[in-house]
Amino acid sequence: MEVAFIGGAGTVGATAAYTLAVERPSVDVTLVDVEEDAAEGHGIGIRHARTLGSLPQFGDANDLGSVSAKPSSAAGLATADVAVVTASVPRPGSSAKRGGRLEFLDRNLELAESIAGTLREREPLPVIVVSNPMDRITQRIWRETGWDRDRFLGYSLSETGRTADRIASIRDVPAEDVYCPVGGEHGENVVPFFSRLTVDGEPTTLTEAEKRDVRDYVRDVPYDVIELRGAEETSRWVTGQGVVRLVCAVLDDGLDDPDHPIAASVPLDGEYGIEDACVSVPVEVGRTGVRRVIEWDLPEEELEGLRAAAESVAADPE
Ligand SMILES: NC(=O)c1ccc[n+]([C@@H]2O[C@H](COP(=O)([O-])OP(=O)(O)OC[C@H]3O[C@@H](n4cnc5c(N)ncnc54)[C@H](O)[C@@H]3O)[C@@H](O)[C@H]2O)c1
Ligand SMILES: O=C(O)C[C@H](O)C(=O)O
């Protein structure tokens, strides 16, 4: 199996590629970037890391997959089984604040069209989109390829990690016991599915103040991280981990635990009353991408949140 990271020389692409390479030593990892030297440099370092961890004195892996750099062209993507799009124009300084994902919009829409043009030259494959503003970029790449919508998964799992972390801290419970998937926009109109919250398997209800706190935390914390680390950087660690969780769900034809579905941003066609927009909703992931959009019976407040998210992402100029 070969996973191609389009934008693989960047912060998120290289971090996710490294995470996948060490976690799944047999998978072929390809770094596709217009910065070909940088991609090659990261590829060599990641290959060494994977090799080191698999040596007899440390590991027991065999049949190591390749780690290589390829050009950002149809040839570079010809043999990929899964594509992850992290390609982006450089982070504008003005994007390092809440709502900042929209600062990428115009130039990343152009980039999305060019990447879709390259993808279109081959057979459809599952495409995981990370680049911001993620919901709109997922929608644009989907439309421009003309492929079936079930090939596309926009990445929003960082919100689920952030939400679990915050609920654990508010309620003083272990974070690993918190299940609360997060949908809506990857942005201001985020919709934690509080109605599905369980802690250690027990349905749990937050107060309205606690819900507001969690939503505000999720909106603010990526920018706190950027500010603390310097405006050139992004939330590379949670994103690298989350992208690999999604890639592995595709490679493995589903989650280890199908009873706890995840959310991803997918082109909707009437589900939750939403047409022609990508926002995150619960999905069943499979080998070819999205096996099924799961239609939960959500309370009105969360349904309204999803619809507001869809209106917001659909409101941008073509
Ligand atoms: N969805 C999420 O949760 C999430 C999380 C973090 C970052 N992001 C977004 O992901 C994107 C990447 O972030 P980053 O910090 O890695 O950015 P970055 O600037 O470090 O990396 C972007 C990379 O894309 C490459 N690139 C540009 N055009 C390309 C093309 N045509 N083909 C191949 N590669 C190309 C650049 O050379 C660069 O290496 C940004 O838009 C960021 O906002 C999203
Ligand atoms: O890159 C950003 O602007 C933030 C990113 O979308 C994130 O959620 O970490």
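His-186 touches Arg-101, Met-134, Asp-135, Ser-156, Ser-265 and Ser-280, leaving aside residues up to four places away in sequence. Two residues touch, or are in contact, if their C-beta atoms, placed from the backbone, lie within 7 Å. The model is predicted: local features need pLDDT of at least 70, side-chain atom pairs count only at pLDDT 80 or more, and totals for chains, interfaces and linings use all residues. Residues are numbered from 1 along each chain as its sequence is written, while chains are lettered from A and ligands numbered from 1 in the order in which they are written.

**The annotated residue**

UniProt, in an unreviewed entry, places the feature "active site" at His-186. UniProt positions follow the numbering used here, feature names are shortened, and annotations may be inferred rather than shown by experiment. His-186 sits in the loop between β8 (182–184) and β9 (190–192). Helices (H or I, at least four residues) and strands (E, at least two) are DSSP runs, numbered from the N terminus. His-186 counts as buried because it has 30 C-beta neighbours inside 10 Å. The cut-offs are these: a residue is buried if 20 or more other C-beta atoms lie within 10 Å of its own, exposed if 12 or fewer, and partly exposed in between, with C-beta atoms placed from the backbone.

**The whole chain**

The chain holds nine helices and 14 strands. Its radius of gyration is 19 Å, close to the 20 Å that the globule rule gives for 318 residues, so the chain is as compact as a globular protein of that length. That radius is taken over C-alpha atoms, and the globule rule is 2.2 Å times the number of residues to the power 0.38. The C-alpha atoms fill a box of roughly 50 × 50 × 40 Å, taken along the principal axes. Of the 318 residues, 45% count as buried. Among contacts between residues at least 6 apart in sequence, 70% join residues at least 24 apart.

**Two domains**

The chain divides into domain 1 (2–154) and domain 2 (157–314). These bounds come from an automatic or database domain assignment. The domain centres, taken over C-alpha atoms, are 21 Å apart. Domain 1 gives 35 residues to the contact and domain 2 gives 39 residues. On the side of domain 1 that touches domain 2, the elements giving two or more residues are α1, β4 (82–85), α5 (134–145) and β6 (152–154). The largest share of that side, seven residues, comes from α1. The residues of that side of domain 1 divide into 15 nonpolar, nine polar and eleven charged. Ala, Val, Leu, Ile, Met, Phe, Trp, Tyr, Cys and Pro count as nonpolar, Asp, Glu, Lys and Arg as charged, and the others, Gly among them, as polar.

**Two ligands**

Ligand 1 is surrounded by 31 residues, the closest being Gly-7, Gly-10, Ser-72, Ser-88 and Asn-132. A residue counts as near a molecule or strand if its C-beta atom, placed from the backbone, lies within 6 Å of it. The shell around ligand 1 divides into 13 nonpolar, 15 polar and three charged residues. Helices α1 (11–23) and α4 (105–119) each supply at least two residues of this shell. Each of domain 1 and domain 2 gives at least three residues to the shell around ligand 1.

Around ligand 2 stand Ser-95, Gly-100, Arg-101, Asn-132, Ser-158, Pro-222, Thr-234, Ser-235 and Thr-239. They divide into one nonpolar, seven polar and one charged. The shell around ligand 2 also draws at least three residues from each of domain 1 and domain 2.

**Binding-site positions**

The unreviewed UniProt entry places "binding site" at positions including Gly-7, Val-12, Asn-108 and Asn-132. Val-12 lies in helix α1. Its contacts include Thr-86, Val-130, Thr-234 and Thr-239. Asn-108 is found in helix α4. Among the residues that Asn-108 touches are Ser-88, Ser-131 and Asn-132.

**A strand residue**

Cys-278 is found in strand β13 (residues 275–286). Its contacts include Asp-135, Thr-138, Ser-265 and Val-313. Cys-278 and Thr-19 are 259 residues apart in sequence and 27 Å apart in space, C-alpha to C-alpha.

The table gives the burial of three residues.

| Residue | C-beta neighbours within 10 Å | State |
|---|---|---|
| Val-12 | 24 C-beta atoms inside 10 Å | Val-12 buried |
| Asn-108 | 22 C-beta atoms inside 10 Å | Asn-108 buried |
| Cys-278 | 32 C-beta atoms within 10 Å | Cys-278 buried |
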